[in-house]
Amino acid sequence: MLSSQVFDYIVIGGGIAGSTFSNLMGRKGYKVLVIEKDEYPKHKVCGEYVSMESYNFMQDIGVPLDSFDLPRINQFQLTKPKGRAINLPLELGGFGISRYLMDSELKKASLNAGCQWVKDTVLSYCKEKNLYEVKTKKNIYLSKELIGAWGKRSLLDNNLERPFYSNKQSRLTNWVGIKYHVKSHVLKKDLISLHTFKNGYCGMSKIENDAFCICYLMRGENLRNRTIHQSEELFLFKNPFIKEVFTQSEFIYDQPLAISQISFQNKSKSEMQALMLGDAAGLIAPLCGNGMSMAMHSALLASQIKNKAHYPIQWKKEFNQRIKLGRFVQYIFGRTGVMSIFIQLAHLFPFIAKWMIRKSHGKPF
Ligand SMILES: Cc1cc2nc3c(=O)[nH]c(=O)nc-3n(C[C@H](O)[C@H](O)[C@H](O)COP(=O)(O)OP(=O)(O)OC[C@H]3O[C@@H](n4cnc5c(N)ncnc54)[C@H](O)[C@@H]3O)c2cc1C
C-alpha cells in the first residue's frame, strides 16, 4: 500500500545512528519517519562500553544518562593469550550501558523530538523524479531525503550489491561476536579489560544494575565443527584471566547472544544518493571501543551537511584514521605471536599503547 504522506526524511534503521539522526532532524522541525525492523528494548551483541566523547552529546539530545548511575570506566587492562597483563589509565575513558537501555532511550528521545517510528523491514528503495520510494514488507513510503542507518549487515547491502557483502576471502571478514551478561566479584567496576586468545579477543566491563558485559570477537574458523562452549574451552580458557571470570561468575542468561559474518571492509558513504551513517558507512574494530560514538557523530555530521557531496569527505576526515588504526590493531589481536611481541613492547614502552588508546578515542563533539 502506498502511504499518502511525503516525509522530509526517511531513516532506514533505528539503531544508534538512525535514532540519533532522526532526533536531530526532528528537533529542527522536519517530518521524519524511522523504519526499524525490531522492537525495543532488545539485547544486542556489543561490548557496551561507550567512550566519554559522546556523554554530553547524548544528554543534550534528551537521553538522561545522569539519572542512570552508570559506571565510569577509566582503567584499561590488556592480557596476552597466556595471561601476562599490562595495566594503563584511560585518559578520556568511557561509561558502561547495556544496548537494552541505550537503544530504547535513544528511541524515546527521537519520539520526544517528534519523529514517527514504524516497525517494518525495508526491502528496497529507489529515487523517482525528486522523491525516494521506500518499499517495506508492508508498505511503500515516500520522502524527499533518505538515510541508510541499517548497521553492519542487512539484506539491503545484498540488494545494493555492496562489494563487502560478497567478499568472503579477506581477513577482514567472517568474524563472530558473542555476548553474555554476568554478575561477578572478580571484575572491577572502573576497568575495561581486553583478553586475547587465538584468533580473537574478549572485552569485559561494567554496565548498569551491578552487571558486567562479556563480549568477544573471534574468527569464524574457531567455531568450525564446534559449539560455542567447546570453542570457549579450547581457545578462550587458555588465557587464565578469561577462565577465571567464566568459571567464577554468575551468568544472567543461559545462552549467549551471537552474531556472525562481521566484516571490517571499506564501505561507500552513500548509496543511490542516500547518505550512510554508523556501521552502514564503515565498522571500526570493536576493540577500539567507540563504534557507538562514531555512529552518533556520523549522524551529527550528516545532520549539519549542506551539500550531500561533502559528506563522504567530512566522514573520511573525521573517522578514517581511527578506522585504519582499528584495522591494524585488529590484525595484531588476531595473531597470538604478534600479540605477545606487542604486549612485551608495550611493557617496555608504555607510551606506544597510550598513544594507540588516545588515537582510538575521539574528542567530545
Ligand atoms: C562484537 C562487537 C562488539 C562491539 N562493542 C562495542 C563497544 O563496546 N563500544 C562501542 O562503542 N561499539 C561497539 N561495537 C560497535 C557498535 O555496536 C556499532 O558501531 C553500533 O551499533 C553502530 O550503530 P548503527 O546505528 O550503525 O547500527 P545498529 O545499532 O546495528 O543499528 C542498525 C539498525 O538497523 C536495523 N535494520 C537493519 N536492516 C534493516 C532493514 N532492512 N529495515 C529496517 N531496519 C533495519 C537493525 O534492526 C538495527 O536496529 C561493537 C560491535 C561488535 C560487532
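These legends describe close-up views of a predicted model.

**View 1. The shell around the ligand.** The ligand is surrounded by 36 residues. Ala17, Glu36, Gly47, Tyr49 and Asp279 come nearest. By class, the shell divides into 17 nonpolar, 10 polar and 9 charged residues.

**View 2. Polar contacts to ligand oxygen atoms.** A backbone N or O atom of Ile16 sits 3.0 Å from a ligand oxygen atom. Glu48 also contributes a backbone N or O atom, 3.2 Å from an oxygen atom of the ligand. Tyr40 uses its side chain instead: an N or O atom there is 3.1 Å from an oxygen atom of the ligand. On its own, the ligand has 1,000 Å² of accessible area, and the protein covers 96% of this area.

**View 3. Helices and strands that supply the ligand shell.** Two helices, H1 (16-27) and H8 (291-304), each supply at least two residues of the shell. Strands E2 (32-36) and E13 (212-219) each do likewise. H8 gives the most, with 3 residues.

**View 4. A nonpolar patch on the surface.** Ile341, Leu345, Leu348, Phe349 and Phe351 make a nonpolar surface patch of about 530 Å². Helix H10 (residues 336-348) provides the largest share of the patch, 3 residues.

**View 5. Ile341 in helix H10.** Ile341 has its place in helix H10 and belongs to the nonpolar surface patch. Ile341 counts as exposed because its relative accessibility is 54%, and the cut-off for exposed is over 50%.

Conventions. Residues are numbered from 1 along each chain as its sequence is written. This is a predicted model: local features need pLDDT of at least 70, side-chain atom pairs count only at pLDDT 80 or more; totals for chains, interfaces and linings use all residues. Side-chain values use heavy atoms; hydrogens and water are left out. A residue is near a molecule or strand if one of its heavy atoms lies within 4 Å of it. A polar contact is a pair of N or O atoms within 3.5 Å; within protein, one must be able to donate a hydrogen and the other to accept it, and residues adjacent in sequence count only if both atoms are side-chain atoms. Accessible areas come from the Shrake-Rupley method with a 1.4 Å probe; for residues, only the protein chains shown count as cover. Helices (H or I, at least four residues) and strands (E, at least two) are DSSP runs, numbered from the N terminus. Ala, Val, Leu, Ile, Met, Phe, Trp, Tyr, Cys and Pro count as nonpolar, Asp, Glu, Lys and Arg as charged, and the others, Gly among them, as polar. Patches are made of residues with over 30% relative accessible area and no salt bridge: like charges are joined within 9 Å, nonpolar side chains (Val, Leu, Ile, Met, Phe, Trp, Tyr) within 5 Å. A salt bridge is a side-chain nitrogen of Lys or Arg within 4 Å of a carboxyl oxygen of Asp or Glu. Buried means under 20% relative accessible area, exposed over 50%, partly exposed in between (1.4 Å probe, protein chains only).
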